[in-house]
Amino acid sequence: MSIFLPYENLKARIDEKFDQISSKYPKAFHCQSGCHQCCHPDLTLSLIEALALIDRLKQDEALALACVENEKQNPFQSSRCAFLNPHGQCMIYEFRPTVCRTHGAPLLVEIEDQRSKKSQEIVQSSCELNFTQGLKIQVGDWFNQHTLATMIGLFNQYFEEEVQPRFALKPSVLIAQQDLLIKYEEAILRAKEEIEEAKKANQEKG
Ligand code: SF4
């Protein structure tokens, strides 16, 4: 079993929720194949997300090389993510990270109120092309940024670094970090064992 399974499961749940929200408000969504408005050039990944992507690219050398070549060609003159090919398609669409999966849907974010100095939660559209007529949605039809960050933070607890690095979402950066799979081998094995034990315990319960 892959240690990235809990993270992969989270991505599947995000996709499911995205589909639910977009089918509920079809007129508000303009997401379609070839649109890359949300593929910003400066997105970053946490450790578990970077390792999962490094692992996938390591398993598919041809794809990894194609991604690096595409980055060199720089089809969007650095105005878009380096994984976007000249046709505006994501070269790692199947295993793109969480940030790419929530984009386009409403987002519940925490902001600091300058006057009261208290933080408050607001819902905003995460893409300027969607919900242009206002966010008339039901409670819960959004992604909670804090909850997502907490869940990813829990997965990152397997790696006991005081300050965890972040990684640019770029083929050259990730491929150059393949040694991290060796560096974190022990943590990866420990996590794998914990996941297997939890799965066994669940099976015994159920
Ligand atoms: S990884 Fe893919 S979906 Fe995510 S920003 Fe880059 S091109 Fe877009």
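Helices here are DSSP runs of type H or I with at least four residues, numbered from the N terminus, and just after one of them, H3, Asn-74 takes a positive phi of about 50°. The model is a predicted one.

Helix H3 covers residues 61-73, and because a rise of 1.5 Å a residue predicts a span of 18 Å for its 13 residues, the 18 Å between its end C-alpha atoms agrees with expectation. Its buried residues are Ala-64, Cys-67 and Glu-71; seen down the axis of H3, they fall within an arc of 60°, so they line one face of the helix. An α-helix has 3.6 residues a turn, so residues three or four places apart point the same way. The cover over the buried residues of H3 includes helix H2 (47-59) and helix H6 (171-175), whereas Glu-61, Ala-62, Glu-69, Lys-72 and Gln-73, on the other side of H3, are exposed.

An open sheet is formed by 3 strands in the order E3-E2-E4, with mixed pairing. Strands E3 and E4 stand at the edges with a single partner strand each, so one side of each is left without a neighbour in the sheet. Strand E2 runs antiparallel to E3 and is joined to it by 7 bridges, and Ile-111 has Gln-120 in E3 as its bridge partner.

| Strand | Residues |
|---|---|
| E2 | 106-112 |
| E3 | 119-125 |
| E4 | 143-144 |

Around the ligand stand His-36, Cys-39, Leu-43, Cys-81, Phe-83, Leu-84, Cys-90, Ile-92, Arg-96, Cys-100 and Leu-169, a shell that divides into 9 nonpolar residues, 1 polar and 1 charged.

Conventions
Residues numbered from 1 in each chain as written. Predicted model: local features only at pLDDT ≥ 70, side-chain atom pairs only at ≥ 80, totals over all residues. Helix = DSSP H or I, 4+ residues; strand = E, 2+ residues; numbered from the N terminus. Expected span 1.5 Å × (residues − 1). Buried ≥ 20, exposed ≤ 12 C-beta atoms within 10 Å, placed from the backbone. Arc of directions from axis to C-beta. Contact = placed C-beta atoms within 7 Å. Near = placed C-beta within 6 Å. Nonpolar A, V, L, I, M, F, W, Y, C, P; charged D, E, K, R; others polar. Pairing = 2+ DSSP bridges.
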